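Here are a few exercises to work through with the model open beside you. Try each task before reading its solution.

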Amino acid sequence: MANYFNTLPLREQLNQLGVAEFMDISEFADGVSALKGKKIVIVGCGAQGLNQGLNLRDSGLDVSYALRKEAIEQKRDSWKNATDNHFTVGTYEELIPTADLVSNLTPDKQHSSVIDAVMPLMKEGATLSYSHGFNIVEEGKEIRKDITVIMVAPKCPGSEVRAEYLRGFGVPTLIAVHPENDPQGKGLAEAKAYCVGTGGHKAGVLRSSFVAEVKSDLMGEQTILCGLLQTGSILSFDKMIEKGIDPGYASKLVQYGVEVITEALKQGGITAMMDRLSNIAKIKAFEVSEELKDIMRPLFQKHQDDIMSGEFSRTMMEDWANGDKQLLGWRAATGETAFEKTPAGDVKIGEQEYFDHAVFMVSYIKAGVELAFETMVEAGIKPESAYYESLHETPLIANTIARKKLFEMNRVISDTAEYGCYLFDHACKPLLADFMKTVDTDIIGRNFNEGKDLAVDNQTLIAVNEAIRTHPVEKVGAVLRKAMTAMKAIKTV
Amino acid sequence: MTDPVVHIAQLNLQYAGEVVLDQLDWQVFRGECWLIGGKSGSGKSALAKVVAGLEKGTGTVEINFIRHSSLPPRVLYVSNWYEFTNLEGDRNFYYQQRYNKHQKNDTLTVYAELAAYAQAEGLSFGDLEKYLDLFEFIDLKGTQLIELSSGEHKKLQLIKALWLQPQLLIVDEPYTGLDKASRKKLNGFFDDLAAVGVQLVLVTNEQDLPACINRFAEIDKGNIKQVDSVQALSVDASRNRKPLPLFLQEAPVSPAEVMVHMENIHVRYGDKVVLKGIDWTVRAGEKWLLQGHNGSGKSTLLSLITGDHPQAYANNIALFGQPRGSGESIWDIKERIGIISPELHWYFDKTARVWQAIASGFYDSIGLFRQVSYEKQQKINQLLDFFELTEVKDRLITTLPLGKQRLVLLARTIIKNPALLILDEPCQGLDHTQTAFFNAVVDELCGFGKTLIYVGHYETQLPNCLEKKMVLEKGEAKVIEEMNEVVC
């Protein structure tokens, strides 16, 4: 199988990368009717599989689960998840031939073998749905020409997909139709209906393409979302320990701080996050983030280039073939970091303190979000897509760190994201080594404002505010967040 | 004279700029067990929390423990609300979560929770069995916290308190959600504790009290005032009745002759049978009372009707004339039902404000995600006026006294004038006056052609309109009958 993206002429590459249309709720007026009475068979019953299925059924659709024979015979968790919730469960052979729509919600790594097993069983003219386009784009899987291929990708963990649906809302979702596989022209209608069935239409839907979703998703998760948060957590913690800050305090400030800081990001973008700082701290954070952006830009560009060329997925698939040797080694090493091994202390840290005592973390997150966004847009990805995969998801990932640090983050995210995260982390730490020598506890560990005159120069402050507020990520964010205002606060602290 | 156990002098406390406790003086001596009652919102819970060190006021607050006692020198405050976190440390639950099954455990089991408590407090498991046994908790040891009913959560709180036997035990609304038998047992336990030297402070307006209670007080204008007996406590003035808004005087369109039809219903989780062989038909316009002991399956039965339980798809149920699983969505079902339950209240959006919460009732959502039309806004304003909530319409619900919170949820429930009202222990935690008002509103509402299913423990305080009764016992329908005698 050849990398699909690389088989396309440049014109078509740009064309597909550039699909990003924010959809109005009125486009979903048909509800689930395109799938009403049709048979939906979901393959896989993990967090996404189970929760999407529960929502689809509660929306009046006919849902059952196809699992591998061994999973059924050995009564594995996927089998229990489905049967405990009273779904019909059967083998591929039993259920796939009856399906009008097959939804592949297995982990990335299994996609190729799942599709090889499922495709010959699918009936003529049926639909195949994904929640991530890696298999189609990076592995270049070719699907039988009579089959319609769509994507419905909720941009949240499976548990949130369910929780938000039951409160009468939904999670922001990307939908797409694969241009090579839309023989009857029904793809978009079915993707929209599926999206309504999961509740996604209420929270802001972006019409994307398989290519745009994959190339932006990979970039986001490797850099700002997982890689940068991992590096930032470790560097912040290590710096505080080096400078004699109490380890329990340092551990807590980082673990929960990323969540508190990015909650402001979620509600009002970088502007709101920066506005939580005093004027002098904001100016400092701005300067630090500008410096960080200059240092890290080449690394962000390398990640984007490797994603576009297929080099990233090629090396990762080599590791798959090698029994995940690299991945497992890096995962073990992360478990051994001092940050991971130091439990959060039993100290009270006020909400504002998480900002005032962690100006470096604020600067670093600002630098990461802006760089990821800028690099994606420069590579031909539309601002809307870039927003979803950078700023929008950052608080969701930060929440996993608040729960159980980096271990939890790397457990929750996909193996693909985890692999990319380590790649970034290992390159970024040496890159920042010199810079970190200049960092002291005024920007990480202690209150930046303490003992300082809070006065600022008007012109400087105006210029800094202007630069923050007019960044393109803020412009597109203001529009998209309007559709998501009802997203609830995630709180662990 | 020995030192008082609790010595409070010149205590002041303010919440958001409002004076709650004003120069309060109070002493609790050995051998005294207090009841603090009186009007809602007078500051009872605030005082209890100050004694327990959970709120900081200004003034003197001293607790003098006995040094050589087998009882731990502790003040334990059992709040009127329960709280737990999931294994990842957060509290983002939704009220239907206990019915959705995942292999991954979301919360600790009862046993693990108690084990952690024992370790933290240095308790021995040998003493625990009798409390588990008496609250019928033995079978629940392996149950996850998320799966407990509200009454069971209350019992778990009490089990922990009784097990610890602190020198000073303060229990805020101890009887909320408990059935008759459990209340009686609990009073027996309180007397046992008092006999071994635990000093009790109960915060409640309940009349059936343990014998050990020998001091009665209420809070009046921020200060404590001792009274002679529980009967002498002030009660909230009964409310002026206003006419029901006109839009609620219209009979809702009845979608079908038979609202709920259930045949041979079975629900089980693994080996645990929750409902067994239930047949039940609710016809349009009928007013049902549903009763049963804690954990008898009442809430589970109702969740099958409200579209909140996945096992509805595996049972023979028809709602509003349509079999479940025949293409309807849960939103089609919820549109016709107004529901209140302790779980809905407990898991309700903590960031919700009164007006928005009522408005969300039009869409059956937790949180308001849409623009509200002028006509709907008018209805909300009329209901606010009817319930005398206009003044607090912009407040966070959680900052209101419990009775008012419940009225907000009732307003949210009836705002769309639903054909079927399901009120699952709607008066839990309300005092007699509040309950009387609430039930009178229910009676009036139901005079306009609504169908009602009402869950309540107390025969003495029920709406008058109820005409049929079903009693569940261990998941089985024990009694289905007409209610002949007038209950009021």
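Across the interface of domain 1 of chain A and domain 2 of chain A, 10 residue pairs are in polar contact, with both partners at pLDDT 80 or more. Keep in mind throughout that this is a predicted model.

**Exercise 1. Describe the interface of the two domains of chain A.**

Solution.

Step 1: find the parts. Chain A is divided into domain 1, residues 21–207, and domain 2, residues 212–482. Taken over C-alpha atoms, the centres of domain 1 and domain 2 of chain A are separated by 32 Å.

Step 2: list the contacts. On one side, 18 residues of domain 1 of chain A take part, and they touch 23 residues of domain 2 of chain A.

Step 3: look at the area. About 1,800 Å² is buried between domain 1 and domain 2 of chain A, with carbon and sulfur atoms giving 66% of this. Three residues, A:Lys109, A:Glu138 and A:Lys155, supply 35% of what domain 1 of chain A buries against domain 2 of chain A, more than any other three residues.

Step 4: turn to the charged pairs. There are 6 salt bridges between domain 1 of chain A and domain 2 of chain A. A:Glu138 comes up again here: its side chain meets that of A:Lys215 in a salt bridge, 2.7 Å from N to O.

Step 5: assign the elements and classes. On the side of domain 1 of chain A that touches domain 2 of chain A, helix 8 (134–137) and strand 9 (205–207) of chain A are the elements that give two or more residues. By class, that side of domain 1 of chain A has 9 nonpolar, 4 polar and 5 charged residues.

**Exercise 2. Repeat the analysis for the two domains of chain B.**

Solution.

Step 1: take the bounds. For chain B the domain assignment gives domain 1 as 6–232 and domain 2 as 246–482. The C-alpha centres of domain 1 and domain 2 of chain B lie 29 Å apart.

Step 2: count contacts and area. Here 31 residues of domain 1 of chain B are in contact with 29 residues of domain 2 of chain B. The area buried between domain 1 and domain 2 of chain B is about 2,800 Å², and carbon and sulfur atoms give 55% of that area.

Step 3: check for charged and polar pairs. How many salt bridges does the rule find across the interface of domain 1 of chain B and domain 2 of chain B? The count is 0. Residue pairs in polar contact, with both at pLDDT 80 or more, also come to 0 between domain 1 of chain B and domain 2 of chain B.

Step 4: see what lines the domain 1 side. Helix 4 (150–164) and helix 5 (180–195) of chain B each supply at least two residues of the side of domain 1 of chain B that touches domain 2 of chain B. Helix 4 of chain B gives the most to that side, with 4 residues. The residues of this side of domain 1 of chain B divide into 10 nonpolar, 12 polar and 9 charged.

**Exercise 3. Work out the surroundings of A:Thr127.**

Solution.

Step 1: place the residue. A:Thr127 lies in strand 6 of chain A, residues 127–130.

Step 2: is A:Thr127 buried or exposed? Its relative accessibility is 0%, so A:Thr127 counts as buried.

Step 3: look for side-chain partners. The side chain of A:Thr127 makes a polar contact with that of A:Lys186 at 3.2 Å, and another with the side chain of A:Glu190 at 2.6 Å.

Step 4: widen the view. Beyond its neighbours within four places in sequence, A:Thr127 has contacts that include A:Asp100, A:Leu101, A:Val102, A:Met122 and A:Ile147.

**Exercise 4. Compare two positive phi values in chain B.**

Solution.

Step 1: read the angles. B:Glu173 is not a glycine, yet has a positive phi of about 50°. For B:Glu388, also a residue other than glycine, phi is positive and near 55°.

Step 2: place the residues. B:Glu173 sits in the loop between strand 6 (168–172) and helix 5 of chain B. B:Glu388 is in the loop between helix 10 (374–386) and helix 11 (402–414) of chain B.

Step 3: add accessibility. With a relative accessible area of 18%, B:Glu173 is buried, whereas B:Glu388, at 38%, counts as partly exposed. The cut-off for buried is under 20%.

Conventions
Residues numbered from 1 in each chain as written. Chains lettered and ligands numbered in written order. Predicted model: local features only at pLDDT ≥ 70, side-chain atom pairs only at ≥ 80, totals over all residues. Heavy atoms only, no water. Domains from an automatic or database assignment. Contact = heavy atoms within 4.5 Å. Buried area = accessible area lost by both parts, 1.4 Å probe. Salt bridge = Lys/Arg side-chain N within 4 Å of Asp/Glu carboxyl O. Polar contact = N/O pair within 3.5 Å; in protein donor to acceptor, adjacent residues only side chain to side chain. Nonpolar A, V, L, I, M, F, W, Y, C, P; charged D, E, K, R; others polar. Buried < 20%, exposed > 50% of the residue type's maximum accessible area, 1.4 Å probe, protein only.
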